[in-house]
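User: I am new to this structure and would like a close look at one part of it. Please pick a single helix and walk me through its surroundings.

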Amino acid sequence: MADKRIYLCLAHMSESGLEQKYIKEAFDNNWVVPLGPNVNAFEEDLRNFVGQDKEVVALSAGTAAVHLALIACGVQPGDEVCVQSFTFCASSHPIKYLGATPVFIDSEKDTWNMDPDLLEEAIKDRIAKTGRKPKAIIPVALYGMPYGIDRIMEIAGRYDIPVIEDAAEGFGSRYDGKVLGTFGRFGVLSFNGNKMITTSGGGALICPDTETKNKIMWYATQAREAYPYYQHEAIGYNYRLSNICAGIGRGQMTVADEHIAHHKHVQKMYEELLAGVPGIRMHSQPADARYDGNYWLCTLTIDEGLKIKDQEKAYGKAVIGAVGGAAGVVHQAASLTTDCQPNDNVEALRMFMDAASVEARPLWKPMHKQPVYQGCPAYTNGVSESLFRCGLCLPSGPCVTDDDVRYIVEKIKEAIL
Ligand SMILES: *Cc1c(COP(=O)(O)O)cnc(C)c1O
């Protein structure tokens, strides 16, 4: 038994405690508001980190960044937006906030991210069916893995459709030497508690220029017109990052490179230790020097034929909490199973690891298989659905020690019959 529980990816503060120093400064100077010196300095740190002469706006969440990017791309009710189906809901929900329709694009086998061929097929087909182009394209760096951005940008350019890169999980991942989020018109970052770096909760939008940055900033602060009183001529949002949270972000930026290096180190250990285990395959980036993923989460797939202990008990009783239990509010599931779920051996391994104090989690369920998105157009090839059925995320990040990785691998081997 492990003497502690090993989680997927936990917040990890800097050894130097800089986060607390910057928070204290905010209190000492009474900057306890959603603007101030920490917000400005954090944005400057982010600008330096992403490079490429970009502007950055710090926001209250990555979801807010997706929402504002869509608004800046002119997305309106009735419009369509192409979005990777294999993702977390924050990539697609804001499309719905705007009364627009997501058009889901399935994944390619090697990166697990948006399949460029399907993207082009979808664009052509939407134009043929609706007479209009999709308003934006959202590829997602799932688990930090870079998407095939060269081809996506080429296609987007040919049809003149803006790209919003969802690099929420891919903070610091690079393609061809450039940080993800800097290729498209916009780049989304997240600093939620479980991401590569955290502000407890927060996000940022990478913008192409000052004018666009100012527009995003304006929408993020309730779209106030320049009068001595509140005058509103557009609907805005309260999406700016708090100066307290930005203080945490400033401290975290001093260890961002260390965090990324550690995630890669953990991935490498899993790859080495699981190399000889039949039926288990670590997912790793294409053997192409342009791909430099951050391995935010380490993931594996399990052959359907592999037998795991207590496999026949999988899905036997309701799960309390798990991913459905955010904020302590458990939304009672309507049934023990759904028509699209991980294979029994995957669920059995998840339960085995749970009993061994290791958090493992199924891969994200593709959005085109989610009941809430029933009826939305989807261009599929079966890749994301079959990955969802056989994949699992393993703990990663600075809180996971070398001993933890060895322990986790031992437990996986023990679980196999
Ligand atoms: C985390 C995440 C976001 C943004 O989420 P917030 O929790 O709102 O910061 C967006 N897209 C993906 C794929 C994510 O994983």
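Analyst: What follows looks at helix H3 and then turns briefly to a sheet. The model is a predicted one.

Start with burial. Helix H3 covers residues 62–72. Of its 11 residues, 10 are buried, so the rest of the structure largely encloses this helix. Buried here means under 20% relative accessible area. The buried set begins with Gly62, Ala64, Ala65, Val66 and His67. It also includes Leu68, Ala69, Leu70, Ile71 and Ala72. Just after H3 comes Gly74, with a positive phi of about 80°.

Now the helix partner. Two packed helices are described by the angle and the distance between their axes. The axes of H3 and helix H7, residues 210–220, come within 10 Å. They cross at roughly 120°. The two helices are therefore oblique to each other. The crossing of H3 past H7 is right-handed. On the H3 side, Leu68, Ile71 and Ala72 make the contact. H7 contributes Lys215, Ile216, Tyr219 and Ala220. By type, these contact residues are 6 nonpolar, no polar and 1 charged.

Last, the sheet. It is open, with 4 strands in the order E4-E2-E3-E14, and the pairing is parallel. Strands E4 (137–138) and E14 (378–379) stand at the edges. Each has a single partner strand, so one side of each lacks a neighbour in the sheet. Strand E2, residues 80–84, runs parallel to E4 and is joined to E4 by 2 bridges. Val83 stands opposite Ile138 in E4.

Methods
Residues numbered from 1 in each chain as written. Predicted model: local features only at pLDDT ≥ 70, side-chain atom pairs only at ≥ 80, totals over all residues. Heavy atoms only, no water. Buried < 20%, exposed > 50% of the residue type's maximum accessible area, 1.4 Å probe, protein only. Axes fitted to C-alpha atoms, helices over the stretch in contact; angles between N-to-C directions. Parallel < 35°, antiparallel > 145°, perpendicular 65-115°, else oblique. Left-handed = near helix turned anticlockwise from the far one by under 90°. Contact = heavy atoms within 4.5 Å. Nonpolar A, V, L, I, M, F, W, Y, C, P; charged D, E, K, R; others polar. Pairing = 2+ DSSP bridges.
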